[in-house]
Amino acid sequence: MKIQKKPPRPFIVYYLIVIGIVLLMNTLLPTLWQEKITQVDYGTFMRLIENGSVKKVEAQDKQIGFIATDDNGKDAIFVTGRMEDPDLANRLYQANVTEFSQVIPQETSPILGLLLSWVLPLVFFIVLGRILSGKVLNKMGGMGNAMTFGKSNAKIYVEAQTGITFKDVAGQDEAKEALKEIVDYLHSPQKYKAIGAKVPKGALLVGPPGTGKTLLAKAVAGESKVPFFSISGSEFVEMFVGMGAARVRDLFKQAQAKAPCIVFIDEIDTIGKSRTAGGFSGNDEREQTLNQLLTEMDGFEADKGVVILAATNRPETLDKALLRPGRFDRRIPVELPDLAGREAILRVHAKKVNLGEDIDFNVIARATSGASGADLANIINEAALRAVRMGRKAITQNDLEESVEVVIAGYQRKNAVISMKDKLTIAYHEIGHALVAAKQENSAPVHKITIVPRTSGALGYTMQVDETEKVLLTKEQALDKITTFMGGRAAEELIFSTITSGAANDIEQATKIARTMVTRYGMSDTFGMMALETVNNPYLSSDTTLLVSGETASKIDEEVLSIIKTCYNRALEILKENKDKLHELAKYLLEKETLTGEEFMAAIA
Ligand code: ADP
Ligand code: MG
Ligand code: ZN
């Protein structure tokens with residue numbers, strides 16, 4: 001972890017402090033001085049000499065200082081202006097003043113004078129200029145490196161030991177299996193050499209964000225106990241053209257010197273983008289960096305013991321040259337965890353916190369399908385924070401369930417003001433979803449119904465959790481899903497004969513499913529098994545591109561609309577048949593605000 005540097009105090013602050021001190025000395029010192037020395041006129045001085053009270057005299061260029069017994073009989077220091085008085089020495093002698101002298105004015109040596117008046121200010125300004133320009137250049141982003149052009153900072157990315165092992169990575173067994181070979185090779189390369197096998201030079205970890213790609217790379221380093229050079233793709237992209245390439249060169253030079261070792265390039269898509277994509281000017285730098293990377297990867301033999309790992313969640317944008325054999329020839333998918341994987345990840349992260357007696361990770365894992373490892377780590381942490389807030393010493397199942405909802409829908413808005421009428425509508429809407437789900441064969445069981453508003457904007461929701469993880473979606477399940485989404489609006493219409501904006505999210509999700517059924521799953525009669533859309537990026541978002549003509553596109557829309565309409569009518573049917581239950585349950589929910597799956601099922605039966 002990086003230690004945050006304290007922000008440097010602006011230079012002007014030091015400047016002001018120094019000025020302040022100088023001013024203070026200028027005003028204070030003379031007054032201190034003046035308290036001790038009494039200024040007198042020349043006449044008094046002469047009178048005091050004649051009195052014989054002067055003891056010691058020191059004549060300077062402009063003034064005469066002397067010690068004399070004052071009126072109170074005490075010795076005091078006096079000073080007077082110097083007058084043209086050639087006879088003074090005589091008179092002092094006669095008045096028995098024992099010590100009198102003329103101070104010899106101090107001649108500053110010419111060399112010292114030169115130093116003080118010329119060299120010192122020059123040095124001062126040079127130093128000042130250095131400091132200031134350094135600061136300015138730093139602000140301009142790394143241009144301060146201009147002097148050390150071409151030297152990368154790769155050195156500082158070496159962590160001798162990451163301290164992370166495969167034990168810290170839950171699930172992802174296939175990825176670990178593939179990486180174990182690399183670990184084994186780094187441990188005993190001679191085994192591979194003896195048989196003449198070439199170990200892949202590079203492996204590319206590919207998967208959605210938060211699935212543990214970076215974590216896996218660190219675990220490989222931890223397991224093989226070799227130096228770990230880690231650099232993020234964006235760090236190669238520099239202000240000067242050529243800097244990125246220089247960094248790559250430097251990084252590989254260092255890595256080869258430290259072999260066997262692992263070089264990890266995170267977010268490699270920043271530099272590895274396909275060179276043909278988007279002929280934007282200013283790509284020069286990135287292109288040079290990529291070319292250098294390709295050259296370096298070809299330049300060393302795999303048996304040197306340098307293994308290159310890279311991670312990306314946009315593999316489709318990578319340049320083909322990076323992926324050919326001899327470079328990143330091994331591709332390791334790191335997918336979103338399945339049910340067992342999620343449970344394992346929860347357990348790994350739960351080791352760091354205090355757990356109560358009643359924890360059931362399986363329930364949490366089932367409720368979080370689609371969550372990444374990072375999400376799950378976050379859920380455990382949210383639960384721990386909630387336990388602290390509640391003043392407890394350990395996490396309960398309740399904390400975990402609540403934090404799942406926090407991650408899905410945001411925090412509860414406890415003091416949101418919602419009118420009774422709206423609350424009633426929301427209650428009917430949610431029970432509408434739940435009832436439709438319960439009355440269909442292919443819907444997941446209802447886990448929770450709530451009308452407590454959340455910070456995400458959700459006014460209430462119905463949570464369904466499958467008993468087991470489904471990898472395949474049947475047409476019936478898909479239709480039942482859409483029908484369940486329709487249940488909310490259908491209940492509103494049936495009971496209040498009016499409709500509200502509350503169904504916006506339901507409509508969006510239902511449309512998405514219906515559209516996918518038609519365009520990608522081949523579940524419509526009109527088109528059958530024709531691919532009408534492709535997914536652009538399987539890992540980042542579900543953005544798709546239509547593959548068909550405008551005419552077909554409008555036919556797709558018709559088809560989608562008809563699916564949704566049919567489902568809506570079915571939802572309406574189900575609710576009409578169960579109107580009594582709908583009334584009863586809506587009242588129940590309004591009263592309790594949150595119903596568990598069991599409470600709901602008991603009320604239905
Ligand atoms: P990526 O690089 O794939 O975006 P990271 O490796 O940075 O994701 O993972 C982020 C965090 O999520 C990790 O630090 C870890 O706490 C948690 N995490 C992700 N996947 C796993 C896993 N399989 N096992 C344990 N923790 C995980
Ligand atoms: Mg990462
Ligand atoms: Zn709804």
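In the predicted model described here, the search for enclosed space yields 2 cavities of 30 Å³ or more. The largest cavity has a volume of about 40 Å³, and its lining is made up of V363, I364, A367, E401, V404, E405, H447 and M463. Two helices, helix 14 (361-367) and helix 16 (397-409), each contribute at least two residues to the lining of this largest cavity. When the lining residues of the largest cavity are sorted by class, 5 are nonpolar, 1 is polar and 2 are charged. One of the lining residues, E405, also takes part in a network of salt bridges that links E402, E405, K448 and R454.

Across the whole structure, 19 salt bridges are found. Among them is the pair formed by E469 and R342, in which the closest N and O atoms are 2.8 Å apart. This pair links distant parts of the chain, since E469 is placed in the loop between strand 13 (461-464) and helix 18 (475-496), whereas R342 belongs to helix 13 (residues 339-350), with the two positions 127 residues apart in the numbering. The two partners are also set in contrasting surroundings: E469 is partly exposed, with a relative accessible area of 31%, while R342, at 1% relative accessibility, counts as buried.

A second salt bridge is formed between R515 and E533, whose closest N and O atoms lie 3.4 Å apart. Here again distant parts of the chain are linked, with R515 in helix 19 and E533 in strand 14 (residues 533-535), 18 residues apart. With a relative accessible area of 23%, R515 is partly exposed, whereas E533 is buried, its relative accessible area being 10%.

The salt bridge between K581 and E584, in which the closest N and O atoms are 3.7 Å apart, is set within a single element. Both K581 and E584 lie in helix 21 (residues 579-592), where a spacing of 3 residues corresponds to about one turn of the helix. K581 is partly exposed at a relative accessible area of 22%, and E584 is likewise partly exposed, with a value of 43%.

Attention then turns to the metal site. The zinc ion (ligand 3) has as its protein donors the NE2 atoms of H429 and H433 together with two OD atoms of D506, and these donors lie 2.0 to 2.8 Å from the ion. Along the chain, the donors of this zinc ion follow the spacing H-x3-H-x72-D. Two of these residues connect distant parts of the chain, H433 being located in helix 17 (residues 420-439) and D506 in helix 19 (residues 504-519), 73 residues apart. The arrangement around the zinc ion is irregular because the 4 donor atoms subtend angles of 52 to 146°. For four donors to count as tetrahedral, all angles would have to lie between 85 and 135 degrees. Both H433 and D506 are buried, the relative accessible area being 7% for H433 and 10% for D506. Helix 19, which holds D506, is also the helix in which R515 is found.

Some further positions concern single residues and their local backbone. I262 is found in strand 9 (residues 261-266) and, at 0% relative accessibility, counts as buried. The C-alpha atom of I262 is separated by 9.9 Å from that of V183, although the two residues are 79 residues apart along the chain.

Positive phi values are noted at two residues that are not glycines. Q172 has a phi of about 50° and lies in the loop between strand 6 (158-159) and helix 5 (173-187), where Q172 is buried, with a relative accessible area of 11%. K225, for which phi is about 55°, is placed in the loop between helix 7 (213-224) and strand 8 (228-232). In contrast to the buried Q172, K225 is exposed, with a relative accessible area of 61%.

Note on methods. Residues numbered from 1 in each chain as written. Chains lettered and ligands numbered in written order. Predicted model: local features only at pLDDT ≥ 70, side-chain atom pairs only at ≥ 80, totals over all residues. Heavy atoms only, no water. Donors = N, O, S within 2.8 Å, 3.2 Å for Na, K, Ca; no water. Tetrahedral: all angles 85-135°; square planar, octahedral: opposite > 155°, others 65-115°. Helix = DSSP H or I, 4+ residues; strand = E, 2+ residues; numbered from the N terminus. Buried < 20%, exposed > 50% of the residue type's maximum accessible area, 1.4 Å probe, protein only. 1 Å grid on protein atoms, 1.4 Å probe; cavity = no way out; pocket = protein on both sides within 12 Å on 5 of 7 lines; lining within 4 Å. Points joined across faces, edges and corners; volume = space filled by probe spheres on them. Nonpolar A, V, L, I, M, F, W, Y, C, P; charged D, E, K, R; others polar. Salt bridge = Lys/Arg side-chain N within 4 Å of Asp/Glu carboxyl O.
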